[in-house]
Amino acid sequence: MAIGVFDSGVGGLTVHRELTRRFPQRDFVYLADQAHAPYGGRGGEEIVELTKAGCERLFEAGASVVVLACNTASAIALRRLQQTWIPGLRERLGRPVNVLGIIVPTIEAATGLPWSFEAERPQEGEKIQAVDITGVFCTAATAISRVFEIEIDKRREDIAVFCEPCPGLAGLIELGAPVEELTVVVKDHVDALRRRIGRHPDKAILGCTHYEIIAELFAEALPAGTVLIEQPTAVADALDRYFARHPEYALGDSGRRDFLTTGQAGPQSDLIARFWGAPLTFDQA
């Protein structure tokens with residue numbers, strides 16, 4: 001039994017690394033769907049089917065819980081899988097299983113409020129005294145879903161959310177593009193968001209786990225003091241609380257670490273090796 005971590009590619013390693021720090025004794029299986037990465041430019045039904053296939057592979061490998069360490073999959077596929085697929089899968093496998101996403105913990109971290117909280121709407125004529133601006137750098141599919149704008153507004157009317165889709169950036173990171181090239185792309189998107197808002201955001205969410213690999217480039221492009229909301233930490237915190245509430249999941253306790261890919265097996269890029277702190281090799285799924 002293990003904790004499964006799924007992503008279209010290498011971006012989920014940012015969440016995986018934090019989870020293994022938080023749960024060092026637990027067994028983990030990581031699956032990168034590199035044969036179809038990135039997901040950000042794909043259609044909704046295709047994202048759902050690819051995510052389902054990846055989760056099924058992880059459950060076959062013994063995962064009890066699969067974490068979708070992909071904002072696009074979490075935004076587009078998670079609810080469908082939880083509502084229409086997981087109940088039947090539990091019955092078929094005869095054991096507790098579940099799929100969890102990373103957007104809920106991120107919104108909790110961004111608002112400082114639990115997911116169950118819903119703000120009261122202001123009375124007519126009542127003014128909101130101050131508005132903080134949160135910028136979300138994400139894939140095109142996540143931006144189209146408007147999940148961050150909708151869910152943050154439900155909880156905090158004093159936070160205005162602006163998404164900046166970054167088409168192609170996840171693909172560049174997946175391919176291990178040079179830092180110099182990535183720096184230019186990141187600066188262009190930060191500047192595009194600034195022009196659209198009229199100023200820089202007060203906080204920023206890296207709404208694609210690939211972007212966490214180059215978080216320092218976003219930090220350098222944004223003004224000093226801009227708060228970067230860290231998805232990996234938020235997800236680890238939420239998963240810690242989830243397991244405390246759900247002791248029925250068998251998670252393994254040998255500290256096993258398996259890395260699988262639907263793409264070409266072998267060493268990952270130098271960019272990933274620098275982020276990971278050592279060379280990293282994926283086996284064939």
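In this predicted model, strands are DSSP runs of E at least two residues long, numbered from the N terminus.

Q: In which strand is T134 found?
A: Let's start with a single residue of this predicted model. The strand that spans residues 132–138 contains T134. By its number, that strand is β5.

Q: Is T134 buried or exposed?
A: The cut-off to keep in mind is that buried means under 20% relative accessible area. T134 has a relative accessibility of 3%. Because that value falls under the cut-off, T134 counts as buried.

Q: Which residues does T134 touch, leaving out those up to four places away in sequence?
A: Contact here means heavy atoms within 4.5 Å. One stretch of partners holds I159, A160, V161 and F162. To complete the list for T134, add P201, K203 and I205.

Q: Which helix gives the largest share of the largest nonpolar core?
A: This core has 52 residues, and those touching the most other members are L13, L19, F137, L169, Y211, I214 and F218. The largest share of the core is six residues. They come from the helix at residues 179–197, which is α9.

Q: What does L19 touch, not counting residues up to four places away in sequence?
A: L19 is one of the core residues that touch the most other members. Its partners, with close sequence neighbours left out as stated, include V5, F28 and V67. The others that L19 touches are V235, A236 and L239.

Q: How many residues are in the second, separate core?
A: Apart from the largest core, there is a second one. Among its members are V29, L78, W85 and V99. Its residue count is 26.

Q: What is the volume of the largest cavity?
A: Rolling a probe the size of a water molecule over the atoms shows where empty space is left. The structure holds one cavity of 30 Å³ or more. Its lining has 13 residues, with S8, C70, T72, T139 and C208 nearest the centre. Two elements, α3 (71–76) and α10 (209–212), each give two or more residues to that lining. The volume is about 60 Å³.

Q: How many charged residues are in the lining of the largest cavity?
A: Sorting the lining by class gives seven polar residues. Another five are nonpolar. The charged class has one.

Q: Why is the protein chain described as being as compact as a globular protein of that length?
A: The chain has 13 helices and 11 strands. For 285 residues the globule rule gives 19 Å, so the chain counts as that compact because its radius of gyration is close to this, at 19 Å.

Notes. Residues are numbered from 1 along each chain as its sequence is written. This is a predicted model: local features need pLDDT of at least 70, side-chain atom pairs count only at pLDDT 80 or more; totals for chains, interfaces and linings use all residues. Side-chain values use heavy atoms; hydrogens and water are left out. On a 1 Å grid over the protein atoms alone, a cavity is a set of points where a 1.4 Å probe fits but cannot get out, and a pocket is an open set with protein on both sides within 12 Å along at least five of seven lines; lining residues have an atom within 4 Å of a point. Grid points are joined across faces, edges and corners, and a volume is the space filled by probe spheres set on the points. Helices (H or I, at least four residues) and strands (E, at least two) are DSSP runs, numbered from the N terminus. Ala, Val, Leu, Ile, Met, Phe, Trp, Tyr, Cys and Pro count as nonpolar, Asp, Glu, Lys and Arg as charged, and the others, Gly among them, as polar. Buried means under 20% relative accessible area, exposed over 50%, partly exposed in between (1.4 Å probe, protein chains only). A nonpolar core is a set of buried Ala, Val, Leu, Ile, Met, Phe, Trp, Tyr and Cys residues joined through side-chain atoms within 4.5 Å. The radius of gyration is taken over C-alpha atoms; the globule rule is 2.2 Å times the number of residues to the power 0.38.
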